[in-house]
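Work through these exercises with the structure open beside you. Try each task before you read its solution.

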Amino acid sequence: MSNEGRQVVIPGQILGETPALRPGRGTFVENKKILAERLGVLNIQDNFVHIIPLRGRYDPMVGDFVIGVVEEASTSNWMVDINAPYPALLHVHEVPWEIEFADTEKYLNTGDTILAKVLSIDESKKLQITLNDRNLFKLKGGHLIEFEPSVYRRIMGKKYSMIEIIQKYTRCRIKVGKNGRIWIDGDAEGIEKVLSAISMIEREAITFGLTDRMEEFLKKDAKDVR
Amino acid sequence: MKSDIELINSEGRRNDGRGPHDLRKIKIEAGVLHRADGSCSLEWGGNKVLAAVYGPREAVPRHVQNPLRAIVQARYNMAAFSVEDRKRPGPDRRSVEISKVISEALEKVILIEQFPRASIDVNIEVLDAEAGTRCAGLTAAGVALVDAGIPMRDIPVACAAGKIGGKVVLDLGKEEDNFGDADLPIAISPRTGEVLLLQMDGHLTVDEFNEAFDLAVKGCQTVSEIQKKAIMQKYQSAAAEVQE
């Protein structure tokens, strides 16, 4: 994220002119003027005008790590809800197991949680995900919570600093999906703490020095730290 | 319509004390509902409106999907207790029409090409009605869409003008709507001035129409500023709170 002052912009707001600046994510051009298309925070980097969204649905991109919930098992594929506007397809070729025809339910069934990767998106936004990679797997047990997808980068922090701090002080296993879902496994107290940390990040997403404040907040009632 | 009621006196004062070019009081708050993706509560004079936005999400049933763009499904509904004699609940001819014109107005500002096969659902609930609910509903829907983080070209805004006692005035109240000569609700895209919705009830001459139209556009611009302030208030304050 840039270090410029954080300015909140709203749709239709003029952000600059085209020859001098170039339109980036979340903007569009009309009559040589760059305009905001959504609510967000202005971010100008190398003459590119971007908008970091403050609200909104998860917009899937190829290569994103997402946490999905299986909705339906068919004979050769599963339909998985990944919190995007569209359901994602997981084909039997895209899982690490050998599956006999129509045996899909033995491996993944409705309600199961998986950590997956977005494999492809076609022009009509048909999504495919995959489990064929290391560190992609079925998540057993644990809790699933949702957050505002736009604050994903704040939850991870610079070079994963934020998520490492949370993990250190709460002693939970945490997996964060880019699609606004977090999977936590640990004792009840730890999970409680992760929840309050996440809601603190959501509340204070557009402020500076959040990581330091988070460390202070978690330190306050941490008994034993690894 | 002929009636003995004087809606506007010789000095240009209206029954509720407003001048001919004055709006009623407007109060807008964004993000009031937690289950919806975006929401807005709006009070406009005696109108109370709640708008909630869901989506973009996959449109169901399948046959309503458009493979090239999203569809916008606005649903305007009046609560049974929103008017004096209880209104029979459920969609009627009037609310189906208003839902349709609002959906079409919103489709013009939302960047629907970004979400093929999806649907953006806008629920507009009128809790208290006092003339001009379609304008209030559309204005609330605009704020709720921004709150839902939906990509848009502009924030749509609506306002009405009309004619009472032979004079063109802005933003009709209840009696003025019932006993006035004409009502002209419009919705515009305030940045470009494009017309998104235009309806008329009653009779106006061409000159009166032009006067009323210009007046309503001016009213829209005023309301638009209130909309923007409401959104900024919600999101800027979160930043300011912890920053000091």
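**Exercise 1.** In this predicted model, find how β2(A) and β5(A) pair, and over how many bridges.

*Solution.* Start with the two strands. β2(A) and β5 (residues 33–36) of chain A are antiparallel, with 3 bridges between them. Next, pick one pair: E17(A) has K33(A) in β5(A) as its bridge partner. Then widen the view. The open sheet here has 3 strands in the order β2-β5-β4 (chain A), paired antiparallel. β2 (14–17) and β4 (27–30) of chain A are the edge strands; each has a single partner strand, so one side of each lacks a neighbour in the sheet. From one strand to the next, the twist averages 30 degrees.

**Exercise 2.** Decide which side chains of β9(A) are buried, then place the strand among its partners.

*Solution.* Begin with the general pattern. In a regular strand, side chains alternate between the two faces of the sheet. Now apply it to β9 (residues 77–81) of chain A. W78(A) and V80(A) point to one face and are buried. N77(A), M79(A) and D81(A) point to the other face and are not buried.

Next, take the partners in turn.

- β8 (residues 65–73) of chain A pairs antiparallel with β9(A) over 4 bridges. A73(A) lies opposite W78(A). The hairpin linking β8(A) to β9(A) runs through 3 residues.
- β10 (residues 88–91) of chain A is joined to β9(A) by 4 bridges, again antiparallel. M79(A) faces L89(A) in β10(A). This hairpin has 6 residues between its strands, and N83(A) in the turn has a positive phi of about 70 degrees.

**Exercise 3.** What angle and axis distance describe the packing of α3(A) and α5(A)?

*Solution.* Read off both values. α3 (residues 161–170) and α5 (residues 210–220) of chain A pack at about 5 degrees, with axes 10 Å apart. Angles under 35 degrees count as roughly parallel. The two helices, α3(A) and α5(A), are therefore roughly parallel to each other. Now list the contact. From α3(A) come S161(A), M162(A), I165(A), I166(A) and Y169(A). They meet T211(A), M214(A), E215(A), L218(A) and K219(A) in α5(A). By type, the contact holds 6 nonpolar, 2 polar and 2 charged residues.

**Exercise 4.** In what order do the 5 strands of the open sheet in chain B lie?

*Solution.* The order is β1-β2-β3-β5-β4 (chain B), with mixed pairing. β1 (26–30) and β4 (71–78) of chain B stand at the edges, each with a single partner strand, so one side of each has no neighbour in the sheet. The twist averages 15 degrees from one strand to the next. Helix α1 (residues 93–109) of chain B packs on this sheet, where it touches β4 and β5 (118–128) of chain B. Its direction makes about 145 degrees with that of β4(B). Inside the sheet, β2 (residues 38–44) of chain B runs antiparallel to β3(B), with 7 bridges. W44(B) sits opposite N47(B).

**Exercise 5.** How many residues does each chain bring to the contact between chain A and chain B?

*Solution.* Chain B brings 31 residues and chain A brings 22 residues. On the chain B side, β3 (47–58), α2 (133–147) and α4 (206–243) each supply at least two residues. The largest share there, 9 residues, is from α4(B). Sorted by type, the chain B side has 18 nonpolar, 5 polar and 8 charged residues.

Note on methods: Residues numbered from 1 in each chain as written. Chains lettered and ligands numbered in written order. Predicted model: local features only at pLDDT ≥ 70, side-chain atom pairs only at ≥ 80, totals over all residues. Contact = placed C-beta atoms within 7 Å. Nonpolar A, V, L, I, M, F, W, Y, C, P; charged D, E, K, R; others polar. Pairing = 2+ DSSP bridges. Axes fitted to C-alpha atoms, helices over the stretch in contact; angles between N-to-C directions. Parallel < 35°, antiparallel > 145°, perpendicular 65-115°, else oblique. Buried ≥ 20, exposed ≤ 12 C-beta atoms within 10 Å, placed from the backbone.
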